Amino acid sequence: MPTRPPRAVAVPHSLEAAKRLEGIRRVAWLLDRSIPIGGGRRIGLDPILGLIPGVGDWLGALISLWLVYQAIRLGLPLSVLGRMGANIAIEATLGAVPLLGDLFDAAWQANYRNLRLVERHYDPRRELRSLRGILVPFVVAVFLFLVAVAALAFFILRLFWTLLEA
């Protein structure tokens, strides 16, 4: 397992694209593989953030969505962006389950999955995408996603509270 962010696979066509790719690599590494836990296994800050009741999974999902934003700017196809969003949605939804969800976060590593998607599908010949025309739908989708994650976390915490009172 690497102890630092992985290096470039595709050769970016501009300094801006190179900075975006390096930023994606660093954030994915920080969130999913920056902390050695022994036996050659690594976790990142994402499952640790998930331990914060109510807001941890929401915060982790918000940071993960930054990777999707950068992938949009790199001009990745919508099908790949959808898969990246699905990886984050799966992790945030299942991660909302107390304790078991944090173990799932540590194993699923949505950010590294999304990094692999970016490196596999980034095409340096494709122009960097302008945010015009995609920014409003992206912001609306992020807002709705975060509301859904917050509602799910609230529902699960309420369910556990009810079970503890019984």
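A residue counts as buried when its relative accessible area is under 20%. By that cut-off, 43% of the 166 residues in the chain are buried. The model is a predicted one.

**Whole chain**

Start with a cartoon of the full chain, which has seven helices and two strands. Read from the N terminus, the elements follow the order α-β-β-α-α-α-α-α-α. For contacts between residues at least 6 apart in sequence, 68% link residues at least 24 apart.

**Helix α3**

Next select α3, residues 56–73. From its first C-alpha to its last, this helix of 18 residues reaches 26 Å, close to the 26 Å expected at 1.5 Å a residue. Colour its buried positions: Gly56, Asp57, Gly60, Ala61, Ser64, Leu65, Leu67, Val68, Gln70, Ala71, Ile72 and Arg73. Residues three or four places apart on an α-helix point the same way, because there are 3.6 residues a turn. After the helix comes Gly75, with a positive phi near 85 degrees.

**The cavity**

Keep α3 on screen and add α4, residues 78–95; each of these helices supplies at least two residues of the lining of the largest cavity. The structure holds one cavity of 30 Å³ or more, and the space in the largest cavity is about 50 Å³. To outline the largest cavity, select Asp46, Asp57, Gly60, Ala61, Ser64, Ile88, Glu91, Ala92 and Asp105. The largest share of this lining, four residues, is from α3. By residue type, the lining of the largest cavity has four charged, three nonpolar and two polar members.

**The pocket**

Now turn to the largest pocket, where the space is about 220 Å³. Its lining has 14 residues, and those closest to the pocket centre are Leu65, Val68, Gly85, Phe138 and Ala141. Show α3, α4 and α7 (135–165) together, since these are the elements that give two or more residues to the pocket lining. Which residue types make up the lining of the largest pocket? There are 13 nonpolar residues and one polar residue, with no charged ones.

**The nonpolar core**

In soluble globular proteins, nonpolar side chains tend to be buried together. For the largest nonpolar core here, which has 31 residues, select Val68, Leu74, Leu76, Leu81, Met84, Val118 and Phe145, the members that touch the most others. Elements giving two or more residues to this core are α1 (15–32), α3, α4, α6 (110–121) and α7. The most comes from α1, with seven residues.

Stay on Phe145 and display its surroundings. Beyond neighbours within four places in sequence, Phe145 is in contact with Ala61, Leu65, Ile88, Ala89 and Ala92. Among these, Ala61, Ile88 and Ala92 also line the largest cavity, and Leu65 is one of the residues closest to the centre of the largest pocket.

**Two positive phi values**

Finish at two loop residues. Go to Leu99, in the loop between α4 and α5 (100–108). Leu99 is not a glycine, yet its phi is positive, near 60 degrees. Is Leu99 buried or exposed? Its relative accessible area is 61%, so Leu99 is exposed.

Then move to Gln109, in the loop between α5 and α6. Gln109 also has a positive phi, about 50 degrees, although it is not a glycine. Its relative accessible area is 8%, so Gln109 is buried.

Note on methods:
Residues are numbered from 1 along each chain as its sequence is written. This is a predicted model: local features need pLDDT of at least 70, side-chain atom pairs count only at pLDDT 80 or more; totals for chains, interfaces and linings use all residues. Side-chain values use heavy atoms; hydrogens and water are left out. On a 1 Å grid over the protein atoms alone, a cavity is a set of points where a 1.4 Å probe fits but cannot get out, and a pocket is an open set with protein on both sides within 12 Å along at least five of seven lines; lining residues have an atom within 4 Å of a point. Grid points are joined across faces, edges and corners, and a volume is the space filled by probe spheres set on the points. Ala, Val, Leu, Ile, Met, Phe, Trp, Tyr, Cys and Pro count as nonpolar, Asp, Glu, Lys and Arg as charged, and the others, Gly among them, as polar. The expected span of a helix is 1.5 Å times one less than its number of residues. Buried means under 20% relative accessible area, exposed over 50%, partly exposed in between (1.4 Å probe, protein chains only). A nonpolar core is a set of buried Ala, Val, Leu, Ile, Met, Phe, Trp, Tyr and Cys residues joined through side-chain atoms within 4.5 Å. Contact means heavy atoms within 4.5 Å.
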